[in-house]
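Got the viewer open? Here's a short walk through the model, one selection at a time.

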Protein chains: 2
Amino acid sequence: MAANSQFSMAVHVLAMLAHSGDDNVKSECIAASVNTNAVVIRRLLGQLGQAKLVTSQTGASGGTRLARAPHEISLCEIYKAVSCGEVFALHAKSPSQDCPVGRNIEAVLCNLQKEIDKAVGEKLGQYTLASVISQVETAKA
Amino acid sequence: MAANSQFSMAVHVLAMLAHSGDDNVKSECIAASVNTNAVVIRRLLGQLGQAKLVTSQTGASGGTRLARAPHEISLCEIYKAVSCGEVFALHAKSPSQDCPVGRNIEAVLCNLQKEIDKAVGEKLGQYTLASVISQVETAKA
DNA sequence: CTAACTGTAACTATACTTGTTACAGATATG
DNA sequence: CATATCTGTAACAAGTATAGTTACAGTTAG
């Protein structure tokens, strides 16, 4: 299990929170739906909390709720919050600087990487948590 | 070193091959520029060969060359050839089917994944190996 | 005060990428 | 034809990221 599924989990979690309105939801409850451990969920909620997407309460009858309305949360924000990293990685080791191609390829790839990330961000920005929920609802029918 | 840098390496390798025109290039030579082991390069060339982007010759004075002109090779093809996988992964374990959200979220995320991959493919499709080379050349100046 | 939560550290398991060695098979060249 | 020079590929080690799990400190409602 090495593939990064944090974004998928995050969307799932936030959709559940949206479903529960203003009620605090416990990490155990979310974990049951996502089918994983509560600590994994709390780790994820920590990242979403830092991104100001959710707020949590400690203590008895504590839990987590959305910090904003679903239509004010874009999928792009979620993606950035869990920092899934880049679509592709640059060279692990620097290429040979003695080679005319190796010397310059990194800069070109770096620019390309930025463009791709931007394209992904823009595509994700077309959707909000609210639109995800409405898709979940219509699928149910 | 777990991040997938195969796409970066592939573009680098193909740019080198383009630089060498119709001459066979040895894996050792490419490996020196990419700063890695020749076997790693041969593995990569194997994938690029299956995608019909390069042709290789075994035996003495063998090596690899481009199968097509650089302007006929889009970055999207390269991306697909090295199968970098998806931008984000779906759930590792299936969500709980007892939860109204969990039951339907997978399909929604799957569609989203396809859309993102399509957006990435389209963006990459705007570039060819030739355009990468021209960027490398101008950076050199 | 106590029970019920979150937050977080620490450790393990798993899996993926890369690096490396080794060797079989193909082929140009003398 | 013999040989040196390549590719193709298997097999294994090493490094690293994600995820699962246990444990426990800190917070808060009742």
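Is the crossing of α1(B) and α2(B) left-handed or right-handed? Keep in mind as you look that this is a predicted model.

**Stop 1: a helix pair in chain B**

Select residues 6-19 of chain B for helix α1 and residues 27-34 of chain B for helix α2. Two packed helices are described by the angle between their axes and the distance between the axes. Here the angle is about 125° and the axes are 10 Å apart, so α1(B) and α2(B) count as oblique to each other. As for the question, the crossing of α1(B) and α2(B) is right-handed. To see what makes the contact, show side chains for Met9(B), His12(B), Val13(B), Met16(B) and Leu17(B) on the α1(B) side, then Cys29(B), Ile30(B), Ser33(B) and Val34(B) on the α2(B) side. Colour that set by residue class and you get seven nonpolar, two polar and no charged residues.

**Stop 2: zoom out to chain A**

Now switch to chain A as a cartoon. You should be able to pick out six helices and two strands, running α-α-α-β-β-α-α-α along the sequence. Along the principal axes, the C-alpha atoms of chain A fill a box of roughly 65 × 30 × 25 Å. The radius of gyration of chain A is 19 Å, while a compact globule of 141 residues would come in near 14 Å. Shade by accessibility and 45% of the 141 residues in chain A turn up as buried. If you like contact maps, take the contacts in chain A with a separation of 6 or more: 62% of them link residues 24 or more positions apart.

**Stop 3: α2 against α3 in chain A**

Stay in chain A and select α2(A) together with helix α3, residues 38-50. Their axes are 8 Å apart and meet at an angle of about 105°, which makes α2(A) roughly perpendicular to α3(A). From α2(A), pick Ser27(A), Glu28(A), Ile30(A), Ala31(A) and Val34(A); they meet Ala38(A), Ile41(A), Arg42(A) and Leu45(A) in α3(A). This contact has six nonpolar residues, one polar and two charged.

**Stop 4: Val34(A)**

Centre on Val34(A), which sits in helix α2 (residues 27-34) of chain A. With a relative accessibility of 3%, Val34(A) counts as buried. Put a distance label from Val34(A) to Val13(A): the pair is 21 residues apart in sequence but 7.6 Å apart in space, C-alpha to C-alpha. Which residues of chain B does Val34(A) touch? Leaving out residues up to four places away in sequence, its partners include His91(B), Lys93(B), Ser94(B) and Pro95(B), and from chain A they include Met9(A), His12(A) and Ile41(A).

**Stop 5: Ser8(A)**

Jump to Ser8(A) in helix α1 (residues 6-19) of chain A. Ser8(A) counts as buried, at 0% relative accessibility. Beyond its neighbours within four places in sequence, Ser8(A) is in contact with Phe88(B), Ala89(B), Leu90(B), His91(B) and Leu109(B).

**Stop 6: two positive phi angles**

Select Asn35(A) in the loop between α2 and α3 of chain A. Asn35(A) has a positive phi of about 70° despite not being a glycine, and at 35% relative accessibility Asn35(A) counts as partly exposed. Finish on Ser61(B), in the loop between β1 (54-57) and β2 (63-66) of chain B. Ser61(B) is not a glycine either, and its phi is positive, near 55°. Is Ser61(B) buried or exposed? With a relative accessible area of 67%, Ser61(B) is exposed.

Methods: Residues numbered from 1 in each chain as written. Chains lettered and ligands numbered in written order. Predicted model: local features only at pLDDT ≥ 70, side-chain atom pairs only at ≥ 80, totals over all residues. Heavy atoms only, no water. Helix = DSSP H or I, 4+ residues; strand = E, 2+ residues; numbered from the N terminus. Buried < 20%, exposed > 50% of the residue type's maximum accessible area, 1.4 Å probe, protein only. Contact = heavy atoms within 4.5 Å. Axes fitted to C-alpha atoms, helices over the stretch in contact; angles between N-to-C directions. Parallel < 35°, antiparallel > 145°, perpendicular 65-115°, else oblique. Left-handed = near helix turned anticlockwise from the far one by under 90°. Nonpolar A, V, L, I, M, F, W, Y, C, P; charged D, E, K, R; others polar. Rg over C-alpha atoms; globule rule 2.2 N^0.38 Å.
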